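Me: Could you take a close look at one part of this model for me? I would like a connected walk through a single sheet and whatever packs on it, with the side-chain contacts spelled out.

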Amino acid sequence: MNLSAPFIARPIATTLLMAALALLGIAAFPLLPVAPLPQVDFPTVQVTATLSGASAETMASSVAAPLERQLGQIAGVTQMTSFSALGATSITLQFDLDRNIDSAAQDVQAAITSASNTLPRSMTTPPTYKKLNPADAPILVLSASSDTIPLTSVNEYADNYLAQKISQVPGVAKVSLGGEQKPAIRIQVDPARLASRGLTLEEIRPVLADATTDAAKGTLDTGKRSFTIAANDQITEAKQFDDVVLAYRDGAPVRVRDVGEAVSAASDRTAAAYDNNRPAILLTIYKQPGANVIDTVDRIKAQLPRLTADIPPAVTIHTVLDRTTTIRASVRDVEFTLGLTVGLVVMVVLLFLRNLWATLIPGFTIVLALLGSFAAMYAFGFSLDNLSLMALTIAVGFVVDDAIVVVENIHRHIESGEPPLEAALNGSREIAFTVLSISVSLIAVFIPLLLMGGIVGRLFREFALTVTAAIAISALVSLTLAPMLCSRFMRREGPEDHGRLYRALETGFNTMQSGYQHTLDIVLRHQAVTLCVFFATVGLAVVMAIQIPKGFFPIQDTGLIHGLAEAAQGTSPEEMKRLERALGEVVLKDPGVERVAFWAGSTGGNGNAQTANTARSYIVLKPRDERTLTASQINALA
């Protein structure tokens, strides 16, 4: 049985089949998402609860503990961590990789409902949950700042306008704010003056809350018409609070201005953010799973001029971090490597076979295998990342072997005097089983990666399936298109058809063969020495394998350093801000640093919980060709 015979006998159908494969790959390539690594979704749910004024100890014992007892009973929970700070608790649940995130979220909601009876009655809002992927990294970080407008107003533009508009861009999952400065009115009272009038803080708290409640006012009914009373008694300015009556003592009203004053300030004093030591609001943007990072960032940047045109010119928007800079460079580098690999393979084939069609046919096989692999990657939901592109680069060396074996065997029959069509039929029949066995054996090498579980298996499954798809498509093309092209275009060449270049290359190969034979004779005459060298090489390899540094991935210089600063417990918000600015000045003195952004408070985004005495940072380095030190070296010096 000859698997290639139907395709050799039907050249038009074979050509159309390969053209369809090529068109699928060409159509799929632009649709493939671009990412630094394969998308691996960790089934993670975060539960948050708030209780105004409660200390961290109270939150841990009264809120976190009851929730943890119920959440810990959910099946499939592999890890549960909780974080309690002033007035807030965050519990993060990580489930088995095979657990469906939607069903896990339903179980979390049921657990929250069960724990509601044991939570403090003074909680104004019930605990909430959200699905998140802790492996997600921001694709773009923007900063909004102003020298003339208060930061609370800048926060209003960033939150109510920029963040909402950017969230509507296709591919954007969410936009979180760092250093959020929501406007609020604070009542600052003097405890001594308050005590002199026989008042306590707990007595004036409900009075202040009732003074600014926007409640229903009712209706007025007449004999013929009914009127709804529309009046807003909310107080929106700090000066109006100074006249609020807190109580009556000795027949006289006690107002806010008698015991203190009302001031306009941010709702969270612990939250602060700085862009190059300039107070700012940070907009951290995350992409949707499977979205193209480069396309998403390009869409956001295309929208920014229109968005910034609708906000006051005094508010300036800067790009703090753009992850696509290194992603673009990495993808370009791998694509260049892939193209160079294909070129070198074709050149080596031409150098050894010294026949135009014997070179072009394996070249067609490589191109079709790559295009078919793009179509398979799109069908599997893969992305163009470092691992998948590395798989394609490695596969180039594999896929060319099948076509070379087929072409060389058919060429041997033609050189022996058979017509091209007969040579293609005979040669393909002889070599078909060999090609299949080679392809199956190569695919079998990657079966352990396909069966590997856990996070490592999720990451390398894309690598293994991409190589497998390339090898399978290569075997298909080698047994269909390659013999058909050989039957139509390959011809027998006589000595008169060979030029001086052919003869020069032949002389060079003969010389190389003679040199190899000479060195082989020397080795065979000194077998004891050769055996000692062999064992010494094996021993040296074992020693080097033990001493060589090990890691999950090679260390890459992405031009970004994540930082975490922690001050002493009890550090005041103002002192923490001063320490942030001082740390920013030290970091900016490094000649390799381009920008640095710090933020403190609980507005880190993506589940990054932190206390008032901690600050996180993005240290953005200059392009690699503009600095002498790597990111690892700069991090070590810092």
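Reply: Happy to; what follows goes from the sheet to its turn, then to its salt bridges and the helix beside it. Please keep in mind that this is a predicted model.

Let's begin with the strand order. The sheet is open and has five strands, running β14-β13-β18-β19-β17 with antiparallel pairing. At its edges sit β14, residues 278-279, and β17, residues 560-566, each of which pairs on one side only. A helix covers this arrangement: α19, spanning residues 573-588, packs on the sheet and touches β13, β17, β18 (593-600) and β19 (614-621). The direction of α19 makes about 165° with that of β18.

Now zoom in on the β14 end. Strand β13 covers residues 272-275 and pairs with β14 in the antiparallel sense, over two bridges. One residue to select here is D275, whose bridge partner in β14 is R278.

Between β13 and β14 there is a loop, and N276 lies in it. N277 lies in that loop too. Their backbone angles deserve a look, because most residues other than glycine have a negative phi. N276 has a positive phi of about 55° although it is not a glycine. N277, also not a glycine, has a positive phi of about 65°. As for cover, N276 has 27% relative accessibility and therefore counts as partly exposed. N277, at 18%, counts as buried, since the cut-off for buried is under 20% relative accessible area.

Back to D275, which also has a side-chain partner. D275 forms a salt bridge with R595, and the closest N and O atoms are 2.6 Å apart. Because D275 lies in strand β13 and R595 in strand β18, this pair ties together parts that are 320 residues apart in sequence. How buried are the two ends? D275 has a relative accessibility of 5%, so D275 counts as buried. R595 counts as buried as well, with a relative accessibility of 19%. The search of the whole structure finds eleven salt bridges, and the D275 and R595 pair is one of them.

Helix α19 carries further examples. In one, the side chains of K577 and E574 meet at 3.7 Å, N to O. These residues are three apart in helix α19, so about one helical turn separates K577 and E574. The two ends of this salt bridge have opposite labels: K577 is at 15% relative accessibility and counts as buried, whereas E574 is at 57% and counts as exposed.

The other example joins R578 and E575, whose side chains meet in a salt bridge at 2.6 Å, N to O. R578 and E575 are likewise three residues apart in helix α19, which means a separation of about one helical turn. Here R578, at 41% relative accessibility, counts as partly exposed, and E575, at 30%, counts as partly exposed.

To put the picture together, you can start at the loop with N276 and N277, step back to D275 in β13 and cross to R595 in β18. From β18 you can then move to helix α19, which touches that strand as it packs on the sheet. On α19 you will find the salt bridge of K577 with E574 and that of R578 with E575. I hope that gives you a handy route through this part of the model!

Notes: Residues are numbered from 1 along each chain as its sequence is written. This is a predicted model: local features need pLDDT of at least 70, side-chain atom pairs count only at pLDDT 80 or more; totals for chains, interfaces and linings use all residues. Side-chain values use heavy atoms; hydrogens and water are left out. Two strands pair if DSSP finds at least two bridges between them. Helices (H or I, at least four residues) and strands (E, at least two) are DSSP runs, numbered from the N terminus. Contact means heavy atoms within 4.5 Å. Axes are lines fitted to C-alpha atoms, for helices over the stretch in contact, and angles run from 0 to 180 degrees between N-to-C directions. A salt bridge is a side-chain nitrogen of Lys or Arg within 4 Å of a carboxyl oxygen of Asp or Glu. Buried means under 20% relative accessible area, exposed over 50%, partly exposed in between (1.4 Å probe, protein chains only).
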